[in-house]
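This report describes one protein model, beginning with how its helices cross and ending with two of its loops. Please keep the sequence and the structure in view while reading.

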Amino acid sequence: MSIFLHILGFVLFLYLFCSIAYLLVIAVAGMFYHHPEMAPATSFARIAVLFTSYKDDEVILSTVPSSLAHDYPRDKFHVFVVADSLRPATLDTLRSFGASVVTIDAKMKARSLNKGLESIPEEEYDLVMVLDADNIMLPGTLGKVNDAFHAGYDAIQCHRTAKNEDTPIALMDGISEEINNHFFRLGQQALGFSAAPSGSGMAFRFSLIRSILRLPEILDNPGEDREIDLQLLKRGIHMYYLPDAWVLDEKVATHEVFEKQRVRWLEAQWYHLRRLLQPDMKAVQHDRYYTSKLIQNLLLPRSLYIVVFFFILVLMLMERIFQLNLFFPESGWWLSLGLFFILTLVIAMPSRYFSWWTLKAVLALPLLLFSMLKALLRVKSKRREFLHTPKTYKGNVHNGNGHNGH
């Protein structure tokens, strides 16, 4: 039994060591990355700003006017809303604002996006900007996207960041978003890899995203952003990350919504880890870009790393109290690995979060970890419906002055 535990422990240690070493490398790379100045474009692309909204009546009525007033030439962009289960009065109000409305009963974001794109004449637009119902573009965002498009990038990810940090859970979720930005966008770009899509705040050449969203692999896929990532990999297209093009995104504020969101993310990760092994993906060249995406899909969610280290700490205490021999390598190696993981998170976290408010918010971490464990138990491998996380935030939003990264 002792030998079995030692072998199991060594395998777990090796997995944690390799994954944390990977995260540490991209965290350090992102820390030293300097976004190059991009030459201003001499012309303006025609942009379709596409919102998807499912039962988010109040929120969509506040975000669409903001987008319509965006500081990009008014004759060069138009706002479209794919409305799923919105009230008739909401639809009338959106049309009165000047937005085009497409109604659908899909309950799946990929199908909503596909329906929205089918309703837009492709010859009239060069780019599609994909936004969730709660997203707000800060001034200059579409201009920076236009510059990147004219510089030759067909897939562009803006810097999605927290709209609300008014509760400890929302703050922790906002910090998690920024750490993700550092690991999987800034750090990846620094090392010459493609940035990962966030799910919103994304811009694509019209013909590219239309061809992707017509595929059967994505239409019933609850993790459409991960499928887009795989389809870009198949086409050899790198997504370009714009760290200074800000899109505000509502963060979850309750444990219930946090749990539902993590269930959706865990299911999407498991689904797309298997997708990498399916016949259409086996044809993809197994180069360093493929390897990078495979590694990203093999990583645990960061909250699960914390859960694992918590249980390791409990086992260490049991080992000491009952004079057991549970660990191989010895406990000092595990503690060192845990400290390296914390260091990696600190490197990836923007300096504006080094505050007393963040320290107080950490007190909510045990309940969030419990929610994460509950989410694991709710995972379904073959779910085909979209797990909706309601948007309710109506308070003041950031004006962008604090969004300066590290």
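An axis here is a line fitted to C-alpha atoms, for a helix over the stretch in contact, and the angle between two axes runs from 0 to 180 degrees between their N-to-C directions. The model is a predicted one. Its average pLDDT is 88, and 91% of the residues score at least 70. Over residues 398-406 pLDDT stays under 50, and for this stretch the model has 27 contacts beyond four places in sequence.

**Helix crossings**

Two helix pairs share helix α13, and the table sets out their geometry.

| Helix pair | Axes come within | Crossing angle |
|---|---|---|
| α1 (residues 2-31) and α13 (residues 302-322) | 13 Å | roughly 140° |
| α13 and α14 (residues 331-348) | 11 Å | roughly 150° |

How are α1 and α13 oriented to each other? Angles over 145 degrees count as roughly antiparallel, and those that fit none of the named ranges count as oblique. The axes of α1 and α13 cross at roughly 140°, and the two helices are therefore oblique to each other. Their crossing is left-handed. On the α1 side the contact involves L12, Y15, L16, S19 and I20, which meet Y305, V308, F309 and I312 of α13. Sorted by type, the residues of this contact are eight nonpolar, one polar and no charged.

For α13 and α14 the crossing angle is roughly 150°. These two helices are therefore roughly antiparallel to each other. Again the crossing is described by its hand: α13 passes α14 in a left-handed crossing. From α13, the residues R302, Y305, I306, F309, I312, L313 and M316 take part, and they meet S331, W334, L335, L337, G338, F341 and L345 in α14. The residues of this contact comprise 11 nonpolar, two polar and one charged.

**The sheet and its helices**

In what order do the eight strands of the open sheet lie? The order is β3-β2-β1-β4-β7-β6-β8-β5, and the pairing is mixed. At the edges are β3 (100-104) and β5 (136-137), each of which pairs on one side only. Strand β2 (residues 77-84) pairs with β3 in the parallel sense, over five bridges. Within these strands, V81 stands opposite V101 in β3.

Helix α2 (residues 57-68) packs on the sheet, where it touches β1 (47-54), β2, β4 (127-132) and β5. The direction of α2 makes about 165° with that of β2. Another helix, α3 (residues 88-97), lies across β2 and β3 and runs at about 155° to β3.

**Two loop residues with positive phi**

Most residues other than glycine have a negative phi. What is phi of K55 near? It is near 60°, a positive value in a residue other than glycine. K55 is placed in the loop between β1 and α2. S85 also has a positive phi, near 65°, and is likewise not a glycine. The loop that holds S85 is the one between β2 and α3.

Which residues does K55 touch, leaving aside those up to four places away in sequence? K55 touches D84, S85 and L86, so the contact definition of heavy atoms within 4.5 Å is met for each of them. The C-alpha atoms of K55 and N180 are separated by 27 Å, and these two residues are 125 residues apart along the chain.

Notes
Residues numbered from 1 in each chain as written. Predicted model: local features only at pLDDT ≥ 70, side-chain atom pairs only at ≥ 80, totals over all residues. Heavy atoms only, no water. Pairing = 2+ DSSP bridges. Helix = DSSP H or I, 4+ residues; strand = E, 2+ residues; numbered from the N terminus. Parallel < 35°, antiparallel > 145°, perpendicular 65-115°, else oblique. Left-handed = near helix turned anticlockwise from the far one by under 90°. Nonpolar A, V, L, I, M, F, W, Y, C, P; charged D, E, K, R; others polar. pLDDT = per-residue confidence, 0-100.
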